[in-house]
Every structure is written in structure tokens, then in C-alpha cells.
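Student: I have a structure to go through and would like to work on it by questions. Could we look at it together?

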Amino acid sequence: MNYKKLRADNTSPSRRSHAPLSRKPLSNVKKRQSSISDFSKLVKTASEVSAPTYEADRCFNNMPLSNSLKRNLAAKGYVKPSQIQDETLESLLAGKDLIGIANTGSGKTAAFLIPVIERLIKSPKANTALVVVPTRELALQIEEEFKFLANQMSLQCASFIGGTNINRDLRQARQNNHVIIATPGRLRDLVNQRALSLKAFELLILDEFDRMLDMGFVKEIRSIVKDMTGRVQTMLFSATLEPSQKGIIQEIVVNPEVVKVNDGESTNSQIDEDIIHVPEGADKMDMLIEMVSDSGFSKVLLFTETKRWADKVCKQLNQSGVKADAIHGNKSQNYRNAALLKFKNGGIQVLVATDVASRGIDVNDVTHVINYQLPLTYQSYIHRVGRTGRAGRSGKAYTFVN
Ligand code: AMP
């Protein structure tokens, strides 16, 4: 289907016959105002596929790493470092603070895990590294990558995330973990309940820092930093670098190396972006169903502004014969994990998500990101769109505008 046809003229016939759409209007769901007024920022043609992607002129095998780590990197299929990995390794191994400006999909997780694991191979002390992340999904993905890269090294990693039973975390936090990955709220709870002291941790990794600020975790971050009296190195990763973040960043990192693998202001160059204009009186849901009926839309991540919208859109897609599921803050962690797995395995075509759930979604072959509603901020737009075009692939992002 030519989606542009839809934009100009909403009369193109559906390619697939769907069940008759007897849907309730969604207009009773509360709307919030987006700060995005310049839609031209949402339109971009991806660089030609032949555009130079970063090619390191060394392999992990020639890098100053232990053999056991090289073995695990090879087992994971990582041969050459990505740009952020290539440009940060030596200074991170030397203990320097870092500000890494990298889009999601750039390989930033391994960029910080590799030096952390290398340090632990040489000195396997409990409570060495604390990784603080904005969302549960991201925490679980980092844990998964750690387990792969630290395979057969007897290094313990625990993740503590909101929305799960705290009693299990209270027990686990008292054990000897080399690396802890946590969301700020749950971490504070464990510290307040004296299950965990942050004094011993030498390394602090703040991942998707801009997102944590967006989510209002600034107080928690300050308090974590204050409690880490033994901190010797901090790595801060952010997809965007806004002037408003500079004050707090300066409080946290000391003489940092700054490595930018994007400009901190835009989406990945491999992503094609466009807006879809909803003509007066047209049914956006019909337009969406028409769009995703195209066989190219095989793995679609669709964003809505609220949990209620996510549920409604998901229900209507399913009623129309499009396999979909939804993840948001009201769904249990088990439900979210299962939905994500179905999405990864191709069991569903569309995963409907809210922003909170979006950050950790690491599915490499997302074909399309669709903003069913305009994101509240451009920053949030960048994060959503970064869920496609990952790990060197191309991707497409469409935003419905009225
Ligand atoms: P991240 O930005 O950390 O979420 O990583 C994005 C994707 O790139 C993940 O699926 C990683 O498994 C993959 N990746 C990370 N580093 C490399 C590498 N050096 N070679 C190939 N793939 C990688």
C-alpha cells in the first residue's frame, strides 16, 4: 500500500477485508496537549542504505580484553565494536568518567558492560557496579546482556525493578551481587529498608539519563549519587543532551570524556520518518488498519499517550483481525514480558505501548514505529522512533497528525 495515498486522500480501498468495524468512538478518552508544533521535524528521508555506517578498524579480538570476555563476545556474534564501544573502551578501562551521547540501538549497553566485566574479571568484588535505568524492560535487557557477556565467570548480577514483589528483592539485595541493575524508585526502597547500602559501589552507570529526568527521577538520582560515597567512576548515557540537563550532569561526573555518536538532537539516520495527515472527518483507526494490512508492516510498534488509549487501540486492532497486544504501566511485569516475547517471536504483528514501556524495547527488527497520537515532546518522539532502525538496520516511523 502506498501510505502517502492515505495522507492525501482517505478513500483508497482496503487490501484486506476486515470484520465490519462497529467501534465505539475514542473521543471520550482524555487528550493532553503536545508541545510539538513544527511537524517538519517529523519528516525525514533515511540516508541511502549505502551511506557509510561506522566500521571500526579493529576487532574485539585485538582489544585489551581478557580471553574469557573475548570468547563471550564472539559467542554473542559481536566481532567488531560499534562506534560508542570503539571510542570509549580505553578511557573507561582507565577509570575515566564518561558522558556518552548515543541513540538507543548504538550498542551502548555493551559499551558500559564490557569495561565493567573486565574490571570484575581482574577484581571480582561484590557491590562493584550499580546500573540505574528508567524502566523495567531496560533493566531486564541489560541483565540479559550481562548474563551473556559474563557467562561462566561466576559473576552475580541482580535487577531490582518496580512492580515486582519487594520481598524477593529484599532477600536478594542482601546477597553478594557484583552488579546491580535497578530502577530509581525500587532502589530507593531497598536502601530505605536497609537491605542495600550504596557505599561500597565504585562504578555508577546512569543509562538513558535524559529519560530518567523526563520521568521525574531527579531527586532519586541525587540521593543515589550522595549515598555512593565510594564512587570512583561514573558513566552517563543519554540519547539527547539538552541545556537543561547540564547542571545536574555537572554535579555527577568529574572531568568526563564526552563521546557523541549522534548529535543529541535527532533520530538515527537510517530511519525514514513521515507524518500522516488525518483529514477532517476521517477515522484514524480505519487508516491505521489499512496501513498495517500492508505486508511490509510485519513488526509494528505503536505508541499511544495513555494506558487507556493503548488498551482501546489494541482491542480494536484485534477486533479487526490484526494480532496485537499492549504493554503499559497497569500490566503486570509477567504480562509485559510475555507480550514482548510474542512480539519478538512474531506471534503478534502490532505491539501497542505507552512511553513508559517503550524505553527498554530492544527488538532489532521492528519494521515500523507508529505514533498513533503526537508525542508530548520531541524528546519523547526521538526515543520512540529509536525503537526501529536498530543495529544498522533501516526503519520507518509514521506520526498521525490532525
Ligand atoms: P543497545 O544500543 O545496547 O540497546 O544495542 C542495540 C543492539 O545492538 C542490541 O541488540 C545488541 O545486541 C547489538 N549490538 C551491540 N553491540 C554490538 C556489536 N559490537 N556487534 C553487533 N551487534 C551489537
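**The ligand, a helix and two loops**

Student: Which atom of the ligand is 2.8 Å from an N or O atom in the side chain of glutamine 85?

Tutor: First, this is a predicted model, where local features need pLDDT of at least 70, side-chain atom pairs count only at pLDDT 80 or more, and totals for chains, interfaces and linings use all residues. Residues are numbered from 1 along each chain as its sequence is written, and side-chain values use heavy atoms, with hydrogens and water left out. A polar contact is a pair of N or O atoms within 3.5 Å; within protein, one must be able to donate a hydrogen and the other to accept it, and residues adjacent in sequence count only if both atoms are side-chain atoms. The partner of the glutamine 85 side chain, at 2.8 Å, is a nitrogen atom of the ligand.

Student: How much of the ligand's accessible area does the protein cover?

Tutor: Accessible areas come from the Shrake-Rupley method with a 1.4 Å probe; for residues, only the protein chains shown count as cover. On its own the ligand has 500 Å² of accessible area, and the part covered by the protein is 83%.

Student: Where does the ligand lie relative to domain 1 and domain 2?

Tutor: Domain bounds come from an automatic or database domain assignment. Domain 1 (3-49 + 269-401) and domain 2 (60-260) both give residues to the shell around the ligand, so the ligand lies between them.

Student: Are the buried residues of helix H2 on the same side or on opposite sides of H2?

Tutor: Helices (H or I, at least four residues) and strands (E, at least two) are DSSP runs, numbered from the N terminus. Buried means under 20% relative accessible area, exposed over 50%, and partly exposed in between (1.4 Å probe, protein chains only). In H2 (residues 67-75) the buried residues are Leu69, Lys70, Asn72 and Leu73. They cover an arc (of the directions from the helix axis to the C-beta atoms) of only 165 degrees, which puts them on the same side of H2.

Student: Is asparagine 177 buried or exposed?

Tutor: Asparagine 177 is found in the loop between helix H6 (166-173) and strand E4 (179-182). A polar atom of its side chain lies 3.0 Å from the backbone oxygen of glutamine 172. With a relative accessible area of 4%, asparagine 177 is buried.

Student: Which side chain makes a polar contact with the side chain of aspartate 365?

Tutor: Aspartate 365 is in the loop between helix H14 (355-358) and strand E12 (368-371), and at 38% relative accessibility it counts as partly exposed. At 3.4 Å, the contact partner is the side chain of lysine 299.
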